[in-house]
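Me: Please take a close look at one part of this structure, the aromatic rings that pair with each other. After that, go on from there to the pocket, the charged pairs and the backbone.

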Amino acid sequence: MALTLMKQVAKISMRGAAAIALVLAVAQPQLALSQPTGVAPQAQQLLKASTEFLARQQRFSVDTESSIEVVLDSGQKIQFDHTARSSVERPNKLRAERTGDLVDQVFYYDGKSLTLHNPDGNYYATIAAPGTLDEMLDFARERLDIVAPAGDLLYKNAVDILMQDVTSGFVVGKGVVDGLRCDHLAFRAPHVDWQIWIEEGKHPLVRKLVITTRDKLNAPQFTVVAKNWNLKPKFSARTFSFKPPRNLQKVEFVPKNTSESKAN
């Protein structure tokens, strides 16, 4: 359909194209945005209110739909999609089921151990983990090079992590995500730009996040849309624990090369 439309546009005369461009310009919202200096207090306040609200929730679940762009050597972009369901019970429980083009796995954390189960590969790995959610997320990222879905938003001090190295930020305006009115914020750091959409009202939940990597060829983007937030879910004792069937193969985690990470 997109290619057909492009071919039709190519056949339009210069005069017709100019007329269409004028119509589109009128139809588009006129945004007089300039690159701000520093972080606007309102933008930081909205982000802080959202992260602190989520940090106060003792249990919740959320579904996410994400897309990640990979840039080929030719410069062409290829997009891969994933869905995930995350279940959280503070202070030390997490389950994330992730399915998509590049990975299918279930992430378990029960306060004592971290387990990754790959259903398609018929194997799993388990390792002892720290006793709190924040400590486990650090451990998984720094020691195992594993990032839980939307992991940065799960920290109690999520606003400090998100704002690290940010040089500018402002409120773009109002937006709509999945039918819900949101505050649309934009931030910039040395190598990335990121945008976040936060639901209006008494439940200021994150509804969308877009990260643009500026220092990579053609600035690939990572997009996450959050849906079906449930702030009063019911979990069973089995939600966060994993008991492998006998036919599963146990493998070991491969620790992250700490010497390389320090060198980089």
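Reply: In this predicted model, Tyr108 is buried, and Phe242 is buried as well. A pair of aromatic rings is described by the distance of the centres and the angle of the planes. A search of the whole structure finds 5 aromatic pairs. For Tyr108 and Phe242, the ring centres are 5.1 Å apart and the planes stand at 35°, so this pair is tilted. Planes under 30 degrees apart would count as stacked, and planes over 60 degrees apart as edge-to-face.

The two residues belong to distant parts of the chain. Tyr108 is in strand β5, residues 105–109. Phe242 is in the loop between β12 (221–230) and β13 (249–251). The separation along the chain is 134 residues. Tyr124 joins them, and Tyr108, Tyr124 and Phe242 form one aromatic cluster.

Another ring has a charge for a partner. The charged end of Lys208 sits over the ring of Trp197, at 4.6 Å from the ring centre.

Next comes the pocket. Rolling a probe the size of a water molecule over the atoms shows where empty space is left. The largest pocket holds about 1600 Å³ of space. It is lined by 48 residues, and the closest to its centre are Arg141, Val147, Asp152, Ile211 and Phe222. By type, the lining divides into 30 nonpolar, 11 polar and 7 charged residues. Several elements each supply at least two residues of this lining: β2 (59–71), β3 (77–89), α5 (158–162), β10 (192–199), β11 (206–213) and β12. The largest share comes from β2, with 6 residues.

Strands β2 and β3 also appear among the charged pairs. Side chains of opposite charge can pair when their charged atoms come close. The structure holds 13 salt bridges. In one of them, Asp63 is bridged to Arg85, with the closest N and O atoms 2.6 Å apart. Asp63 lies in strand β2 and Arg85 in strand β3, so the bridge ties together parts that are 22 residues apart in sequence. Asp63 has a relative accessible area of 17% and is therefore buried, the limit for that being under 20%. Arg85, with a relative accessible area of 39%, is partly exposed.

A second salt bridge joins the side chains of Glu97 and Arg95, at 3.4 Å from N to O. Glu97 is partly exposed, with a relative accessible area of 32%. Arg95 counts as buried because its relative accessibility is 18%.

A third salt bridge joins Glu200 and Arg181, whose side chains meet at 3.3 Å from N to O. This pair links distant parts of the chain, 19 residues apart: Glu200 in the loop between β10 and β11, and Arg181 in strand β9. Glu200 counts as partly exposed at 28% relative accessibility. Arg181 counts as partly exposed too, at 47%. Both residues belong to a network of salt bridges that links Lys174, Arg181, Asp183 and Glu200.

The backbone comes last. Most residues other than glycine have a negative phi, and most peptide bonds are trans. The peptide bond from Arg90 to Pro91 is cis, with omega near 10°. Pro91 lies in the loop between β3 and β4, which spans residues 93–100 in the case of β4.

Two aspartates have a positive phi. Asp178 is not a glycine, yet its phi is about 55°. Asp178 is placed in the loop between β8 (168–177) and β9 (180–188). Asp145, also a residue other than glycine, has a phi near 60°. Asp145 is found in the loop between α4 (133–144) and α5. With a relative accessible area of 54%, Asp145 is exposed, since the limit for that is over 50%.

Asp145 also has a neighbour from another part of the sequence. The C-alpha atoms of Asp145 and Asn257 are separated by 8.9 Å, while the two residues are 112 residues apart along the chain. Asn257 lies in the loop between β13 and α6 (258–263). Asn257 is partly exposed, with a relative accessible area of 38%.

Conventions:
Residues are numbered from 1 along each chain as its sequence is written. This is a predicted model: local features need pLDDT of at least 70, side-chain atom pairs count only at pLDDT 80 or more; totals for chains, interfaces and linings use all residues. Side-chain values use heavy atoms; hydrogens and water are left out. Rings of Phe, Tyr and Trp (its six-membered ring) pair if their centres lie within 6.5 Å; planes under 30 degrees apart count as stacked, over 60 as edge-to-face and the rest as tilted. Helices (H or I, at least four residues) and strands (E, at least two) are DSSP runs, numbered from the N terminus. Buried means under 20% relative accessible area, exposed over 50%, partly exposed in between (1.4 Å probe, protein chains only). A charge sits over a ring if NZ of Lys or CZ of Arg is within 6 Å of the ring centre and within 35 degrees of the ring normal. On a 1 Å grid over the protein atoms alone, a cavity is a set of points where a 1.4 Å probe fits but cannot get out, and a pocket is an open set with protein on both sides within 12 Å along at least five of seven lines; lining residues have an atom within 4 Å of a point. Grid points are joined across faces, edges and corners, and a volume is the space filled by probe spheres set on the points. Ala, Val, Leu, Ile, Met, Phe, Trp, Tyr, Cys and Pro count as nonpolar, Asp, Glu, Lys and Arg as charged, and the others, Gly among them, as polar. A salt bridge is a side-chain nitrogen of Lys or Arg within 4 Å of a carboxyl oxygen of Asp or Glu.
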